[in-house]
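Look at the sequence and the fold together before reading on. The text below goes from the overall arrangement of strands to single residues.

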Amino acid sequence: TFDIGEKVEFHMAGDNIQGVVEEVNMRNTRVRAPTGELFTLPNGEIGVVRNFSRGKFSTVQLTLTLAPEDLQRALDVLQPMAKEVFHQFDDLVEPWQLISASTLTGRKVELSLIAHASLGKGAELKLKLINQVHDALKQAGIEMQE
């Protein structure tokens, strides 16, 4: 289920303990939390384990807030860009997808850009995608809303 060096989350008796596994022996598992604490968990009490280090991809999600009048222009920029960016970044598993994150309101609309990155590369790729999307929308004269 987990091994030394993997990032995991244990669900135990109402607590969630997240960190990197440092040691596993017959009785205990030691996990180093992101804040530096070292947790020693009795193996017999470990229930549900969430392993962040195993899987096929990491999900990247960007939420874009736009003025309603810019929605179609943004879609016209972002949809063809998905294939271009896919070929540009090796860690992108497939072209991104655009979905509506909210309904159209009077002042703003939210779009979610969902991408799949190679496992463990999501955070790094997110920064690159933010930069690409921001530049493309700015070049098209589309301003992001707050």
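What follows describes a predicted model, beginning with its sheet.

Strands of a sheet pair through backbone hydrogen bonds, and they do so either parallel or antiparallel. Here, five strands make up an open sheet, and their pairing is antiparallel. Read across the sheet, the order is β4-β3-β2-β1-β5. The edges are taken by β4 (38–42) and β5 (48–51); each has a single partner strand, so one side of each is left without a neighbour in the sheet. On average, neighbouring strands of this sheet are turned by 40° against each other, direction ignored.

Now consider β3 and its two partners. With strand β2 (residues 15–24), strand β3 (residues 28–32) is joined by four bridges, and the two run antiparallel. Within this pair, Val21 has Val31 of β3 as its bridge partner, and Val20 stands opposite Arg32. The connection from β2 to β3 is a hairpin of three residues.

Toward β4, strand β3 pairs over five bridges, again in the antiparallel sense. Arg32 stands opposite Leu38 of β4. The hairpin of β3 and β4 has five residues between the strands, and in this hairpin Gly36 takes a positive phi near 105°.

Which side chains of β3 are buried, and which are not? The side chains alternate along the strand. Thr29 and Val31 point to one face and are buried, whereas Asn28, Arg30 and Arg32 point to the other face and are not buried. Arg32, one of the residues that are not buried, is also the residue opposite Val20 and opposite Leu38.

Methods
Residues are numbered from 1 along each chain as its sequence is written. This is a predicted model: local features need pLDDT of at least 70, side-chain atom pairs count only at pLDDT 80 or more; totals for chains, interfaces and linings use all residues. Side-chain values use heavy atoms; hydrogens and water are left out. Two strands pair if DSSP finds at least two bridges between them. Axes are lines fitted to C-alpha atoms, for helices over the stretch in contact, and angles run from 0 to 180 degrees between N-to-C directions. Buried means under 20% relative accessible area, exposed over 50%, partly exposed in between (1.4 Å probe, protein chains only).
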